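Q: I'd like a close look at just one part of this protein, please. Could you walk me through the sulfur bonding, with enough background to place it?

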Amino acid sequence: MLVVDDDRATRATVRAVLARERYRIREAGDGHEAVAAVQAERPDLILMDVMMPGLGGHAACAQIRLLLADDALPIVMLTAVDDIASIETAFEAGATDFITKPISWPLLRERVRYALRAGNLTREVRRARLRELSVRRIAGLGYWEWLLSSDRLSWSEEFEPLAGIRAQDSVPREEFLARVHPDDRQRLHHAMERARDVGARLDLEFRIHLRSSDRILRVVGERGLHGEDADRLFGVFQDLTSIRRTEALVDYLSLHDETTDLPNRRLFLRRAAERIEKVRAENDRVLLIGTIDIHRFARFNESLGEGGANRLLALWGQRLKHHQDAGTVVEVARIGGDEFAVAIQATDGAAATAIFQRVLQALRQPVHLEQQELVLPFSAGWAVCPTHGHEAEPLLTLALEAQRRARAQGRDDLGAEADDALSQRRQRLLAFERALHRALERQEFYLAYQPQMDFAAGRIVGCEALIRWRSVEWGEVSPAEFVPLLEESGAIIDVGAWVLASAAQQAAAWERAGLPLRVGINLSPRQFLAPSLMEHIESALQSSGVSPGCIELEITESLTMQDVDHSIRLLQRCRDAGVMVAIDDFGVGHSSLAYALLFPIDTIKIDRAFVTHITRGRADRAIVRAVVALGQSLGVEIIAEGVENQRQCDFLEAIGVTQVQGYLIGRPMPPDQLEALARSYRREV
């Protein structure tokens with residue numbers, strides 16, 4: 001601290017008293033020396049005499065305040081004058097406190113401690129205020145208040161650029177509602193009425209209607225409970241415009257093909273399912289789902305280059321889109337690299353097939369590209385609802401099977417199989433299900449582990465446990481075949497408990513061997529919603545003795561969005577147990593980025609669908625960058641799945657992905673092989 005006094009004896013005495021308190025003291029003989037000392041080294045506190053030759057205490061205090069622009073620095077004035085005018089002058093100059101002479105030394109020590117505490121508190125309050133303003137600015141948050149007795153609203157300054165109403169103004173509710181988008185106005189009015197009349201919690205999104213562009217706001221508010229607060233609703237508002245625009249872009253890119261701008265397989269199936277519901281309700285129409293596969297399209301890549309081949313696909317897609325615009329086709333999509341799908345609604349199967357034939361006839365015409373006339377040979381297949389089924393995905397599968405049979409038979413197109421063939425396949429499915437039902441009892445399931453590499457560490461830090469089935473009757477069965485059946489039958493609850501226990505035992509064995517790897521375990525939808533899930537998790541942890549931090553539960557984002565409140569509570573319970581949580585297949589569901597901020601998660605896993613073409617697909621790159629930005633803002637790990645080559649790996653590292661998983665690092669393998677790989681793996685930089 002800086003002691004400023006023209007009397008050397010007073011300075012020496014003050015130094016002696018305060019040095020015993022372990023303060024570091026610097027001295028100045030007048031106001032000019034004090035200003036110079038502050039410029040050289042900022043003190044934590046200044047003790048300043050008022051009456052000094054040259055630059056007096058009041059003037060020096062004022063100069064120091066201007067120099068530092070900091071009202072949190074304590075400046076205590078030492079004066080023999082105790083009249084009110086002198087005290088007021090000291091405070092006007094910027095003094096924090098004053099002590100009269102002769103000085104009471106015990107009082108000086110206490111006043112110094114008090115001044116330091118007050119200065120620290122002022123700085124902390126200022127930092128907290130800056131943090132609050134920063135958080136509000138970044139998140140687009142502000143607060144609002146509704147005075148019920150006068151029916152007027154007021155808000156913080158963040159609202160002004162959104163609605164053009166100054167923060168210091170309070171306006172009647174009707175004037176505020178007039179600025180709300182007409183389509184949202186009545187909904188917001190009713191919600192506010194319920195909050196006022198029955199005390200309901202207000203939580204609503206709406207648009208503020210502006211000339212330039214609409215803004216999307218979310219308001220949350222609750223009524224006060226006691227005293228004057230009972231006449232008010234308090235709450236916060238958030239500007240969600242940027243978040244909703246990002247969500248819309250991510251959603252569009254994840255549901256549309258970049259090359260043709262047509263819907264992809266996921267969106268096609270969703271829309272086809274909606275059409276099927278209408279067909280079943282009307283009961284006098286059919287829906288045909290047709291697929292078209294271009295033969296040997298790779299040769300166009302070789303002859304035209306990737307850019308020319310993509311333009312060819314775009315022209316092909318536009319031909320199909322023309323039929324949709326004309327009303328003969330209700331849905332069009334690109335469902336694979338060189339595969340397209342259409343949905344046709346008609347009065348009966350014959351009419352739908354006739355329309356499909358006209359579409360195929362148009363596709364047989366040459367395509368003109370860069371002064372070339374190109375003919376694209378193809379095969380096609382179709383299936384009809386309700387003749388061949390009532391669900392979109394099985395109908396699409398039947399159409400694809402018919403398409404492959406048509407190509408094998410050298411035909412352009414072929415319909416789905418007749419009922420007798422379907423019956424044979426169903427009989428085979430029943431036998432398959434019987435074998436699956438006995439698989440757990442027969443100990444036919446086993447786990448394989450796929451490694452995960454951390455870029456920063458340059459080594460294997462974790463793995464994903466993947467269930468496999470080696471059946472006595474059916475041999476090695478793909479999880480894509482048996483996992484959906486386990487889920488449908490409900491057997492996934494018991495099998496999932498076995499996976500949890502087995503993976504935990506393996507993680508514990510690795511941990512005891514000095515190799516603490518994080519083991520990811522997938523939770524199925526039924527398993528996630530089952531009341532017994534936490535019991536199974538705690539049992540696996542207790543019986544294995546593994547450190548909870550070595551276990552990571554992987555839940556798909558679409559699953560968490562089914563019941564957001566339940567998901568948050570359950571994931572928090574998992575975190576409280578010490579278990580890590582990952583959101584799997586991120587980007588392919590229907591999530592809200594705003595909800596993602598609420599989930600207590602440690603890891604986001606990017607679906608392999610966005611990694612496959614990341615080095616040459618603009619849409620995939622945009623989606624991955626958006627997910628990485630979200631993960632960085634949440635402070636969580638980002639794992640990219642499906643990494644198969646070094647170019648993908650290098651690109652993912654460059655944009656901020658922290659870990660990768662895929663065939664480039666290692667295929668799913670037995671535990672002993674993974675242990676050997678983890679001990680020997682060292683990434684070359």
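A: Here's the overall picture, followed by a closer look at the cysteines.

This is a predicted model: local features need pLDDT of at least 70, side-chain atom pairs count only at pLDDT 80 or more, and totals for chains, interfaces and linings use all residues. Residues are numbered from 1 along each chain as its sequence is written, and side-chain values use heavy atoms, leaving out hydrogens and water.

Let's start wide. The C-alpha trace spans about 110 × 70 × 60 Å along its principal axes. Of the 685 residues, 47% count as buried, meaning under 20% relative accessible area with a 1.4 Å probe and protein chains only (over 50% is exposed, and in between is partly exposed). Among contacts with a separation of 6 or more, 63% join residues 24 or more positions apart; a contact here is heavy atoms within 4.5 Å.

Now for the sulfurs. A disulfide is a covalent bond between the sulfur atoms of two cysteines. The search looks for cysteine sulfur atoms within 2.5 Å of each other, and across the whole structure it finds 0 disulfides. Take C550, which is in no disulfide: its nearest cysteine sulfur belongs to C463, 10 Å away. C550 also counts as buried, at 8% relative accessibility.

C649 has C463 as its closest cysteine too, but the two sulfurs are 18 Å apart, so that's too far for a bond. With a relative accessible area of 2%, C649 is buried as well.
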